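Here are my notes for a first look at this structure. Have the view open while you read, and take the points in order.

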Amino acid sequence: MMQLQKSELADAEWIDLQVLGELKHEIGADVLKEVIEVYLTELGEHVEQMQQARHQNDWVALGKLAHCIKSSSGSLGALRLYQAALSVETLCRKGAGEQCVPDYDNFLDFAGPTRDALLAYLEN
């Protein structure tokens with residue numbers, strides 16, 4: 001049985017390393033690196049836009065932004081971020097934007113560690 005290093009255990013809390021491994025096998029290391037880099041850029045942009053939408057209580061925009069980042073988060077194994085984005089999107093679409101605030105806060109809390117875990121993955 002393979003043992004994970006301490007940094008890998010921390011990363012595994014935020015990203016599913018098996019998902020990334022399978023994706024690497026399917027599309028190749030170079031393409032995966034590009035995909036992650038694009039995702040990280042988009043994540044930063046979406047977080048900023050989501051903060052603006054939340055500040056304005058624009059639940060429609062917040063839901064749309066959550067939708068945009070949800071699928072790519074899931075595809076890259078960022079499952080905690082995916083779940084938070086899914087919940088924000090679902091509640092906003094149902095017209096229950098005020099109820100999504102805890103999940104929105106989780107999304108913001110999860111974005112940084114997820115970004116750091118993906119950056120660490122790229123360095124290995």
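1. First, a term: a charge sits over a ring if NZ of Lys or CZ of Arg is within 6 Å of the ring centre and within 35 degrees of the ring normal. With that in mind, find Arg80, which lies over the face of Trp14 at 4.1 Å from the ring centre. Arg80 also lies over the face of Phe110, there at 4.7 Å from the ring centre.

2. A word on the source: this is a predicted model, where local features need pLDDT of at least 70, side-chain atom pairs count only at pLDDT 80 or more, and totals for chains, interfaces and linings use all residues. Residues are numbered from 1 along each chain as its sequence is written, and side-chain values use heavy atoms, with hydrogens and water left out.

3. The structure has one aromatic pair (Phe, Tyr or Trp rings, the last by its six-membered ring, with centres within 6.5 Å; planes under 30 degrees apart are stacked, over 60 edge-to-face, the rest tilted). Trp14 and Phe110 make up this tilted pair, at 5.5 Å centre to centre and 55° between the planes.

4. Are those two rings buried or exposed (under 20% relative accessible area is buried, over 50% exposed, in between partly exposed; 1.4 Å probe, protein chains only)? Trp14 is buried at 14%, and Phe110 is buried at 14%.

5. How many disulfides (cysteine sulfur pairs within 2.5 Å) does a search of the whole structure find? Zero. The sulfur of Cys92 is 3.8 Å from its closest cysteine sulfur, in Cys100, so that is too far for a bond. Cys92 is buried at 9% relative accessibility, and Cys100 is buried at 0%.

How values were computed. Disulfide = S-S within 2.5 Å.
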